[in-house]
Protein chains: 2
Amino acid sequence: MLLSIQLQREFGALLLAAVAACVAWEDGDVWDYDGHKLKDSDFLALWPLPQKVQSSAVSFQLSASRFQFTHAEGSSAGSDCSILQNAFRRYFDYIFGFTKKDRDQRRRNAAGSEVLELQVAITSPDAECDGFPSLTSDESYELSVDQPSAVLKAPKVWGALRGLETFSQLVYEDAYGARNINKTGVSDFPRFAHRGVLLDSSRHYLPLKVILANLEAMAMNKYNVFHWHISDDQSFPYVSRMFPDLSQKGSYHPYTHVYTPADVKMVIEFARMRGIRVIAEFDTPGHTQSWGFGQKDLLTPCYTGSSPSGTYGPVNPILNTTYDFMAGFFKEISTVFPDAYVHLGGDEVDFSCWKSNPDIQKFMDQQGFGKDYSKLESFYIQRLLDIVSSTDKGYMVWQEVFDNGVKLKMDTLIHVWKGNEAQYQAEMARVTGAGYRTLLSTPWYLNRISYGQDWRDAYKADPCNFTGTDAQKKLVIGGEACLWGEYVDASNLTPRLWPRASAVAERLWSDQGVRDISDAYVRLVQHRCRMVERGIPAEPLFTGYCRHEYSGV
Amino acid sequence: MLLSIQLQREFGALLLAAVAACVAWEDGDVWDYDGHKLKDSDFLALWPLPQKVQSSAVSFQLSASRFQFTHAEGSSAGSDCSILQNAFRRYFDYIFGFTKKDRDQRRRNAAGSEVLELQVAITSPDAECDGFPSLTSDESYELSVDQPSAVLKAPKVWGALRGLETFSQLVYEDAYGARNINKTGVSDFPRFAHRGVLLDSSRHYLPLKVILANLEAMAMNKYNVFHWHISDDQSFPYVSRMFPDLSQKGSYHPYTHVYTPADVKMVIEFARMRGIRVIAEFDTPGHTQSWGFGQKDLLTPCYTGSSPSGTYGPVNPILNTTYDFMAGFFKEISTVFPDAYVHLGGDEVDFSCWKSNPDIQKFMDQQGFGKDYSKLESFYIQRLLDIVSSTDKGYMVWQEVFDNGVKLKMDTLIHVWKGNEAQYQAEMARVTGAGYRTLLSTPWYLNRISYGQDWRDAYKADPCNFTGTDAQKKLVIGGEACLWGEYVDASNLTPRLWPRASAVAERLWSDQGVRDISDAYVRLVQHRCRMVERGIPAEPLFTGYCRHEYSGV
């Protein structure tokens, strides 16, 4: 008995892949529901909003003593699928966390009023239980909540993970603390394939548990990329097997403020369990001061007049030893990080040191670069890209690499981060006009804070808001919320990031038409309290309260 | 053997009380020390900077196995002084927290290189062990660190608490993790008598442990007033014995989001142990929407045309029942909160509802108030002040009460919070010109955040920067850092407040001449890491690291 509270979106084009996310649906704004009832509904505290929801006032109970996750008959995943087994435990805990598994719980209601299981069916022959998520992973799923069995169908485990999150979000607690869920149908897939969060572990070292907690929060928001800006000027915490001096000498502390190979492996596996890719960024040739302590001659010696000043600039692009080092280093990186992409940085190269160095000047003359140091930068990047290509990795780069005219493989991903709204929209047009795929971060530099509800601005931005053809729009693969680390460490990272990054998450997952900020506010308030209940100290949007307040300090 | 690293301030006017804090020393800037050595010194990570420090490079060890706090012979406090006993335990933990009490620790060095005890001597006949701190409490102390005994002398326990904090800040960890302290002399007292932090438990409920954690952080910064803005429009969490419906109906949740009498008692005692006063604010007649749910007819019914609109405005000032209620309520408050002052609010009264109400209009006519609703506000406040006076309490009020010309007892404290710099300085001049004591909060609304190091602005502000006579300046009793609760709850309160409130703490404690922001930065970075090590998630000032990072999520 489906009621009129329907979020039914009458679209017929489920076949469109996520790369078509910028191409608007033809049917316009068809969100047709009874606004007030919806906003008061516990059972519609969904975030990010799925593509299609059919909800009903018919409710069922869930009992911690009886409910179970099961593998559906015919599913290509079974109890040996660690991703699903791990997710079952996690979501059971989220759903029943505050409830004792009480055998004396009041007896099952009249027949037909309880959901006893969620059957999970992976429908394609390869569930990808042992794989890593990728840019082309299928994250779609179909969820049908009914009694006695709810059913979650997904072609791959990645979609099942998203569906489990949605299922858990549909569960609500009544006044007795009992868990309930309404008869619901969900059909869902992400608008964009690349939905990332950047954390910066160089400006401040981030203890492993902070990174893991944020991976958990990311999964609650259906993010699928952890962009790990692991090194920068300030410190080099990555422990390289091949070049251990990099962290030994370049980290804040060689034992307490580093990521060992075991740490990195744990981050990657923890992320994989949640359908999250880990894309490491080793930013060069700028932002590399910390590399210089552990790798002799890597950085350019700066000069004052005719003698070295004792300070160093960007990576020295004129020495063969530089490229030998990079070849060895990125070979290691290509094996440590399984993702098909590595982020090579390439932003904000300061030319002043290069200009001061007589050897560099000589090289510029030999190469016929004149006084155009961006040509030298391109020379370096070009060789670096060749090195990384030889490791069979694709690469992401910050927009300057494109802006400076470096010759790039067509599968390069250009990461837009600069300028005001008009400027980044023009950049998105230029990048896609040149045929490159791109992702947006400019409006989502969440390290920038201001008083009040700045999540609203993040929510309003859209990666497809630029002037371009449908073909260009199809080249937009998504975006990333960035939390640069100058003013952030373990003490304040999580509440600063959440739920502000949730605003970005919905923009990247939900349909382009999902833009009602009042509706978003009501759902986000509930979603934020849900994160708090799950142990994530997400900060409040405004006055009010959560049933279970954050219980840390 | 004192070295040249001296922070010796050649002042001879220790007799000046804190109320003279705005009267500048005659000798100008006499900080005379070797800047670089100082800035690198672990043993000068003092915050807030004491009035006088003589430091030396001679260092002693402290052993967790042997060191003890003792009551000096002749001290008026002994082992029955719970404030000191509690503080001894606390500071032992801060000093040796990361060290096991290891009996096999390497043997005592050659004679004369270890501090075996800190003797605490309370020098006045009444130590005030069982008392409450007050506006006139003596917080001065003298500390002499030498071997084998360090000595801390203070007239009262309040000064001893401040001296224990300073002693703990002098202790530093060497590369072996051993605790060391240098030969040091400190002579110290606060510049201002009232150094407060305002927390708002109405916009968001603050669980007890958050309040207690912040009292701990306050003690680390020598704050001495917790201004508890306990109620406001959004919720009324204070459980009144006499009017239990106020919280039963006016809190976010009548059981989980309230402060019971036992909770309040615990906050007061926890604060007392740290020399911190608890000044409760029950803001009226505005900011009282939440009171209306549990107290019939307390609020003014607003009208649309000639009929009640169903909404309510400020407290209804024309009914005798209002004053009967207030008399009963503040009688209770006067017994629950031992402090000699209660904060009565009085800010931001919106007249529109009063204007709409025909009964109010009639009353205005009868009283001859014309259309001047600030006269009605004054009428209310006047009667409220009389009620509170009859409970033998002094009162603090927000500046509007003074601005509106309410007749005030001369011992009223006027709390300045409005305007820009020129405006609040003019207000401070007006208030003190009229002979009232005042305290400043305008530049210290720490709920307002911006990107970057905004602690610097807080640090630069000074309550005495206004045009006035010495007599006027003597009326400045201090200030308060305010963290209003619209966007703050347990999830983000502590890192948002600290170490930004530390900047205010030094302004209020240290000499007026302590203004070197580069020196402050170096010390504050260390102080912030110390807070983190003690379990307070104080946020970072900028890039860098702490030896022991915050280990919560």
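These exercises, each with a worked solution, walk you through a predicted model.

Residues are numbered from 1 along each chain as its sequence is written, while chains are lettered from A and ligands numbered from 1 in the order in which they are written. In this predicted model, local features need pLDDT of at least 70, side-chain atom pairs count only at pLDDT 80 or more, totals for chains, interfaces and linings use all residues, and side-chain values use heavy atoms, with hydrogens and water left out.

**Exercise 1. Get to know chain A**

Task: Find how many helices and strands chain A has, and what share of its residues is buried.

Solution:
- Start with the elements: chain A has 17 helices and 18 strands. Both are DSSP runs numbered from the N terminus, helices being H or I with at least four residues and strands E with at least two.
- Next, burial: 62% of the 553 residues of chain A count as buried. Buried means under 20% relative accessible area, exposed over 50%, and partly exposed in between (1.4 Å probe, protein chains only).
- Then look at contacts, meaning heavy atoms within 4.5 Å. Among the contacts in chain A with a separation of 6 or more, 76% are between residues 24 or more positions apart.
- Finally, turn to the record: an unreviewed UniProt entry lists "domain: Glycoside hydrolase family 20 catalytic" for residues 192-511 of chain A. UniProt positions follow the numbering used here, feature names are shortened, and annotations may be inferred rather than shown by experiment. The span is 38% helix and 19% strand, and its end C-alpha atoms lie 9 Å apart.

**Exercise 2. Three residues of chain A**

Task: Locate A:Gln51, A:Lys222 and A:Arg534, and decide why each counts as buried or exposed.

Solution:
- A:Gln51 sits in the loop between α1 (35-39) and β2 (52-62). With a relative accessible area of 2%, A:Gln51 is buried. A polar atom of its side chain lies 2.8 Å from the backbone oxygen of A:Phe189.
- A:Lys222 belongs to the loop between α4 (208-220) and β10 (225-229) of chain A. Its relative accessibility is 1%, so A:Lys222 counts as buried. Although A:Lys222 is not a glycine, it has a positive phi of about 60 degrees.
- A:Arg534 is in the segment after α17 (517-533) of chain A. Because its relative accessibility is 14%, A:Arg534 counts as buried too. Beyond neighbours within four places in sequence, A:Arg534 is in contact with residues including A:Tyr91, A:Glu165 and A:Met220.

**Exercise 3. Where the chains meet**

Task: Describe the contact between chain B and chain A.

Solution:
- Count residues: 43 from chain B and 43 from chain A take part.
- Add the area: about 4,000 Å² is buried between the chains, with carbon and sulfur atoms giving 59%. Buried area is the accessible area (1.4 Å probe) that two parts lose on being put together, summed over both.
- Look for salt bridges (a side-chain nitrogen of Lys or Arg within 4 Å of a carboxyl oxygen of Asp or Glu). The interface has four. One of them pairs B:Arg496 with A:Glu539, whose closest N and O atoms are 3.0 Å apart.
- See which helices help: α4 (208-220) and α15 (493-497) of chain B each supply at least two residues of the side that touches chain A.

**Exercise 4. Cis peptide bonds in chain B**

Task: Which residues are joined by the cis peptide bonds with omega of about 0 and about 5 degrees?

Solution:
- B:Thr284 and B:Pro285 are joined with omega about 0 degrees. B:Pro285 lies in the loop between β11 (277-284) and β12 (299-304).
- B:Trp498 and B:Pro499 are joined with omega about 5 degrees.

Methods. Polar contact = N/O pair within 3.5 Å; in protein donor to acceptor, adjacent residues only side chain to side chain.
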